[in-house]
Each structure stands twice: as structure tokens, then as C-alpha cells.
Amino acid sequence: IPSDFIVNLKLSFKEAVFGCKKNIDFTYKCSCKTCNGTGAKDGKLQTCPKCQGRGQVGVSQGFITFAQTCPDCQGIGEKASEKCSDCKGLGYNESKDSVELNIPEGVDTGMKLRVNAKGNILKNGTRGDMYVKIIAAEDDTFIRDDDDIYIEFPVFFTQAILGQSIKVPTIRGEATLNLPKGAKDGQRFVLEKEGVKDVHSSRMGNQIVKSPIKFPTSLNDEQ
């Protein structure tokens, strides 16, 4: 059995951005003590009759013969003549456990967090690690690109022409955006340090605001 394994952890958009605590239930493998991890009754193995102990068998395709892993012994060269009654021939038993994990700010999909000594237990008694793979959900309003946040926030044509200070939603609440006079349709503005905290350096990302201009369908005399 491998010493390490991976579990997936789904997080909401805000949980990934701001961090959280999560209780993770998982199943790990422990080498069977009855058969010493062999899967054989009394730990006794015999030479695999299919591959004659080589761990590989030849497969012919036309005039060419390829070597592939023996399907009977999985490349070990030995197999159990009689399966261990405790582990049913698997060589390991499964147990359940749980751990509370502090998820740091700024994690994102694909990142892995290592939990020391929570992996599988090998027959020599050593225990591997568990890796928690993050799967972060998307948000309906904000788009995340690494540590930067993007949002589309329409402005009225009068605000764009005259210039005005407006309140723009951010992942932490609101921030003031000072529109310059004559702002263009779809122009992008940067709100510094209003993005996500970098999980490694604690550097703050930015929020980029794209502002399409809303034009009225008809104008009155005052407008």
C-alpha cells in the first residue's frame, strides 16, 4: 500500500478566500498484522504460476510480443495460495478517523495541504501523510484569478461623463471608486489591495472593476 493518499475538500468561495476550520472524515489503510501485509494465510506466499515469479507476462500482437505486469500477482512474482481471513487477501485493513484542519486564507482549487502522519500505516509501522486537495466554488458576483478579483459594475452615463465617487462591492464589503471625467465604456479600474491575500507571502491582490456605461433609452430636458 502507498504511504500517502489524497482526499478532496470542497470549499465555498468565501471559505477559500478568508480561510476556515473544517472537520475532515477520512479512511486510511493499515497493513494487516495477521499476515504481515502479504494477504496470505500465515504470511505464506508461493511463486506465481502465471508469470513463474517474473512479475511480467508476454502479450503477443501480431509478430510483436510485449511485456506487461502480471495480472495475477500485480507484478510481485508471488501470490497467496490461501487468503488471509482477517484482510480477505488484501494485505491491509481499513480504519476511519477525523481531523480538524485550519484552512489558511487564500487557498484555491488544486492546492494541496499536507497533514502529517495521517496517511496509511505500513507493515514496518511508519505512517505516511494525508494530502487535502482544495476544490473552491465560484461566486455569482466576483471572478477570481489567482489573488486578483474581477467584477463588472455598470455606471450611469452621467457619472461617466462628469466623473463621480461611487461605492463598489468588494469581497470584504464596499470600496470607493473615483471615476474620472470622461470615463470610457468598459474601462477598467484597479482597487489596490482589495483582492485575496496570497497564501504564501500574505501579499494582497487587487480588485479590477470593469464599468460598462448604462445609457438611457430616452432623455428628458433636464438630462
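**A note on this predicted model**

1. A good place to begin is glutamine 207, which lies in strand β16, a strand that covers residues 207–211. Please keep in mind as you read on that this is a predicted model.

2. Is glutamine 207 buried or exposed? Its relative accessible area is 0%, so glutamine 207 is buried. The side chain of glutamine 207 has a partner there: it reaches the backbone oxygen of proline 169 at 2.9 Å.

3. Beyond residues up to four places away in sequence, glutamine 207 touches a long list of others. Among them are Phe142, Ile149 and Ile151, as well as Val168, Pro169, Thr170 and Ile171. Phe189, Val190, Leu191, Glu194 and Gly195 also touch glutamine 207.

4. One of those contacts, isoleucine 149, deserves its own look. Isoleucine 149 belongs to strand β11, residues 148–152, and counts as buried because its relative accessibility is 0%. Which residue lies 46 residues from isoleucine 149 in sequence, yet 5.3 Å from it in space, C-alpha to C-alpha? That residue is glycine 195. Leaving aside neighbours within four places in sequence, isoleucine 149 is in contact with residues including Phe13, Arg144, Val196, Asn206 and Ile208.

5. Now to the aromatic rings. How many aromatic pairs does the structure hold? There are 3. In one of them, phenylalanine 26 and tyrosine 28 form a tilted pair, with 6.4 Å from centre to centre and 50 degrees between the planes. Phe5 joins Phe26 and Tyr28 in one aromatic cluster.

6. Why do the two partners in that tilted pair count as buried? The cut-off is under 20% relative accessible area. Phenylalanine 26 counts as buried because its relative accessibility is 5%, and tyrosine 28 counts as buried because its value is 13%. Tyrosine 28 has a charged companion too: the charged end of arginine 127 sits over the tyrosine 28 ring, 4.2 Å from the ring centre.

7. On the wider layout, the domain assignment gives domain 1 as 1–28 + 94–138 and domain 2 as 142–214. Their contact takes 10 residues from domain 1 and 9 residues from domain 2. The centres of domain 1 and domain 2, taken over C-alpha atoms, are separated by 34 Å.

8. Finally, a point from the records: UniProt, in an unreviewed entry, places the feature "zinc finger region: CR-type" at residues 19–96. In the model, the chain over residues 19–96 is 0% helix and 45% strand, and the end C-alpha atoms of residues 19–96 are 26 Å apart.

Terms used. Residues are numbered from 1 along each chain as its sequence is written. This is a predicted model: local features need pLDDT of at least 70, side-chain atom pairs count only at pLDDT 80 or more; totals for chains, interfaces and linings use all residues. Side-chain values use heavy atoms; hydrogens and water are left out. Rings of Phe, Tyr and Trp (its six-membered ring) pair if their centres lie within 6.5 Å; planes under 30 degrees apart count as stacked, over 60 as edge-to-face and the rest as tilted. Buried means under 20% relative accessible area, exposed over 50%, partly exposed in between (1.4 Å probe, protein chains only). A charge sits over a ring if NZ of Lys or CZ of Arg is within 6 Å of the ring centre and within 35 degrees of the ring normal. Helices (H or I, at least four residues) and strands (E, at least two) are DSSP runs, numbered from the N terminus. A polar contact is a pair of N or O atoms within 3.5 Å; within protein, one must be able to donate a hydrogen and the other to accept it, and residues adjacent in sequence count only if both atoms are side-chain atoms. Contact means heavy atoms within 4.5 Å. UniProt positions are given in the numbering used here, feature names are shortened, and annotations may be inferred rather than shown by experiment. Domain bounds come from an automatic or database domain assignment.
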